[in-house]
Amino acid sequence: MLSVNDAYKLLINAQRELSTNIISQIDELLEKASEAYYNTDKLIMTDEEFDKIVYIYKAKGGIVKVGAKPTAGKGIVGVKHRFRELVGTLDKTNYVFEAHVTDATKKSVEKWLMTNANLLYKQGIRKISLAISFKFDGNSISAEYVDGKNVSSLTRGQDGQGMDLTHVFKDHTISSHENVGIKYEVIISWENYKKLMEDLSVSYANPRSLVSGKLGDDNAYDYYKYMTLVPLWVKSEEREMTRMEELEFIEENFGEDNDLFLDMRVYEDIDISKASIKHFLTELYQMYTKYAKERDQLPFMIDGLVIEIMDTESRKVLGYVNDEPNWATALKFPYMEKKTKVTGFDYTLGDSGIITSRVWFEPVEFNGTKHEKQSLQNFKRYEELALGIGSDILVQYRNDTLTYVVPLDTENNRSIQPHPYTSECPVCGGEVGITETRTFAFCNNPVCEGKAVGRIQNYLIKMDIKGFKESTLGKIHEAGYLNSIIDLYNLDFDKVSAIEGLGEITAMSLIGTMQSKVPYDYEILGALGIPSFSTSKAKELCTVFTINDLMDMSAVEVTSSIISVEGFSDKTAKYILNGINENWELLQFLLGREHMIYKEYADKLNTGEKYKIVFTDFRDEALQYYVEMLGHKVTSSVSGKTNILVCPNVNGSTVKLAKAKDFQAKGTGIQIMTVEEFKEFVGYDK
Ligand SMILES: [Zn+2]
């Protein structure tokens with residue numbers, strides 16, 4: 001198949017009379033491109049490139065077949081359209097004013113309208129009526145009604161081959177009993193698009209490709225209820241309708257609030273003069289710039305405006321070229337898509353444990369906003385895209401915060417290996433699992449700190465709160481009652497006991513356990529899951545500062561205060577600062593509950609007597625470190641100044657113990673304690 005650039009070259013250099021060889025190559029390329037556009041989520045070229053090729057092709061006498069050829073095996077039939085005029089498509093324009101045209105392959109409404117006005121004037125016509133309406137972005141079908149019932153619905157198709165969708169729209173009725181044909185645009189609203197994507201966990205570039213994809217599906221009827229039929233044109237078997245009569249028919253049968261009428265504007269009896277036409281174009285321009293910017297706020301997708309000459313007489317004079325009426329044009333909005341290259345990937349972990357990937361690309365700009373990354377819906381989408389660093393992609397603009405990434409079928413992309421999905425959880429580094437349907441990637445580590453249940457479980461372990469099984473927590477989480485640590489304290493007895501497999505006893509013990517624990521503040525700080533910050537480090541910090549002290553300080557003060565404590569690096573200080581900021585709300589909640597302030601306890605010890613302590617017959621570095629932190633001195637030999645001798649067994653037989661007993665006998669006041677007694681004495685609870 002031709003590349004886009006080769007197609008340009010071929011067409012530009014070709015004679016006016018195109019050879020059959022060129023025609024067949026261009027036809028093949030355009031057909032593949034529209035098939036990709038309508039039916040899949042992988043494009044061959046941008047809309048802009050497509051329109052450009054079509055323009056040059058037509059200029060050299062080529063005839064473009066519009067619409068996708070239906071996919072083989074999807075109910076293709078020979079379609080005979082009873083109302084031939086309903087099959088037509090519209091020629092495209094890209095600008096309102098001729099002066100704005102910068103590209104020779106693009107046209108303006110002004111030129112289209114002036115050319116037509118001149119033709120009509122020559123036929124003695126002095127006034128025209130014009131209408132502007134939305135160009136809905138969906139799939140076009142033509143349907144036939146007998147006695148109000150839909151008896152046939154066909155896609156336009158190509159060369160007499162289309163899809164028979166009668167079974168999909170068989171339930172649709174109109175109140176009129178006239179035998180009519182109606183041309184519809186079948187659309188899906190943004191709301192239903194989002195709903196369907198979530199429910200089916202499928203990926204379609206936009207509502208239009210979702211409509212095409214589902215119309216070709218074997219169970220297309222199931223999607224009928226999500227689709228909207230927007231009536232555009234009406235033809236009657238019994239009478240010749242003027243355009244105004246068509247619109248009246250639409251109003252009677254579809255109501256005056258149907259989507260076509262949402263902002264349809266009719267300008268009657270405009271003089272065929274430069275001034276009147278310029279005036280019309282100025283109003284068109286205002287409407288065009290408004291919707292080019294605000295179309296995302298409409299409930300459905302539109303890709304331009306349709307401008308039509310309404311009068312029957314004028315329409316007859318202007319006629320058709322192939323299937324395209326000369327009396328109407330589709331004014332397309334600026335292309336909201338840009339070609340760019342993939343620069344990298346990264347991954348984030350959601351509360352539920354699902355890992356989301358993001359693709360980064362060379363920045364593109366839409367409406368002055370720079371876009372350089374986009375989250376992908378799920379693992380399935382990541383696999384489908386099969387992108388690697390350097391892949392060509394098309395970035396489509398949705399709104400200021402959302403773009404959509406579409407892969408391109410280019411030579412370059414075929415030579416790029418897909419980037420492998422991360423094998424490590426972005427939070428805990430644990431193994432990554434893939435669901436059976438290959439839809440989602442998730443962290444396999446049950447106590448991963450990035451996951452709601454994992455984080456909660458970690459918190460409980462660090463707070464030394466026992467009695468919660470992982471499976472129990474999982475059940476409460478699945479029931480929707482446990483998404484955060486705060487939820488742990490607000491568990492509702494009735495709700496928890498009603499969860500299958502839990503019951504009243506479990507609920508009571510869980511709630512009781514949570515209520516009865518009165519923690520030290522350092523336990524709270526240590527349980528937040530701050531990296532490189534254990535509960536014992538939190539205890540050291542909390543002998544100097546309360547959490548409230550830290551929360552009241554500026555970021556700079558927090559950092560310098562933490563570094564001033566022995567054994568704390570600036571890296572740890574940064575982690576703690578981030579941890580406090582990230583858990584601000586949780587800390588406020590936990591500090592609002594009953595808790596003990598460790599600093600008050602440590603201060604009491606510190607202001608008391610400083611002891612000289614000797615350990616004998618055992619080693620416990622942590623204990624030694626702890627008592628030194630409190631300001632006491634641990635020495636290696638017993639002297640008259642020693643205050644406490646600590647030993648595993650007071651009836652033991654070490655030299656130090658014997659010496660201590662000697663001093664005791666002399667009345668120096670030395671105390672002899674077991675390790676357990678000593679720990680209790682200094683408040684060491686590990
Ligand atoms: Zn993890």
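This passage describes the cores, sheets, helix packing and selected loop residues of a predicted model.

Residues are numbered from 1 along each chain as its sequence is written. In this predicted model, local features need pLDDT of at least 70, side-chain atom pairs count only at pLDDT 80 or more, and totals for chains, interfaces and linings use all residues.

The cores come first. A nonpolar core is a set of buried Ala, Val, Leu, Ile, Met, Phe, Trp, Tyr and Cys residues joined through C-beta atoms within 7 Å. A residue is buried if 20 or more other C-beta atoms lie within 10 Å of its own, exposed if 12 or fewer, and partly exposed in between; C-beta atoms are placed from the backbone. The largest nonpolar core has 57 residues. Val 109, Leu 165, Tyr 184, Ile 187 and Ile 307 have the most contacts inside it. A second, separate core has 34 residues, including Met 463, Leu 473, Ile 476 and Phe 545. In soluble globular proteins, nonpolar side chains tend to be buried together.

Ile 187 gives a detailed view of contacts. Two residues are in contact if their C-beta atoms, placed from the backbone, lie within 7 Å. Leaving out residues up to four places away in sequence, Ile 187 touches Phe 136, Gly 138, Pro 207, Val 211, Thr 228, Val 230, Phe 300 and Met 301.

Strands and helices are DSSP runs numbered from the N terminus (strands: E, at least two residues; helices: H or I, at least four). Two strands pair if DSSP finds at least two bridges between them. One open sheet has five strands in the order S2-S13-S10-S3-S9, and its pairing is mixed. Strand S2 (91–93) and strand S9 (265–271) are the edge strands, each pairing on one side only. From one strand to the next, the twist averages 30°. Within this sheet order, strand S3 (residues 127–136) and strand S10 (residues 302–309) run antiparallel and are joined by seven bridges. Phe 134 stands opposite Leu 305 in S10.

Helix H9 (residues 274–294) lies across S3, S9, S10 and strand S13 (328–332). H9 runs at about 165° to S9. Such angles run from 0 to 180 degrees between N-to-C directions; axes are lines fitted to C-alpha atoms, for helices over the stretch in contact.

H9 also packs against helix H4 (109–122). The axes of H4 and H9 come within 11 Å and cross at roughly 150°. H4 and H9 are therefore roughly antiparallel to each other. Angles under 35 degrees count as roughly parallel, over 145 as roughly antiparallel, 65 to 115 as roughly perpendicular and the rest as oblique. H4 passes H9 in a right-handed crossing. A crossing is right-handed if the near helix is turned clockwise from the far one by less than a right angle, and left-handed if anticlockwise. Val 109, Glu 110, Leu 113, Met 114 and Ala 117 of H4 meet Ile 277, Leu 281 and Leu 284 of H9.

Thr 105 lies in the loop between S2 and H4. Thr 105 is partly exposed, because 16 other C-beta atoms lie within 10 Å. Thr 105 and Ile 53 are 52 residues apart in sequence, yet 8.7 Å apart in space, C-alpha to C-alpha. Thr 105 touches Lys 52, Tyr 55 and Ile 56, not counting residues up to four places away in sequence.

A four-stranded open sheet has the order S22-S21-S23-S24, with parallel pairing. Its edge strands are strand S22 (633–635) and strand S24 (671–674), each paired on one side only. Strand S23 (residues 644–647) pairs with S24 over four bridges. Cys 647 has Thr 674 in S24 as its bridge partner. Helix H26 (residues 655–665) lies across strand S21 (612–615), S23 and S24, at about 145° to S23. Helix H27 (residues 675–682) lies across S23 and S24, at about 105° to S24.

Helix H13 (452–462) and helix H14 (470–478) are linked by a loop that holds Asp 464. Phi of Asp 464 is near 60°, a positive value in a residue other than glycine. Asp 464 is exposed, because it has 12 other C-beta atoms within 10 Å. H13 and H14 pack at about 135°, with their axes 10 Å apart. They are therefore oblique to each other.
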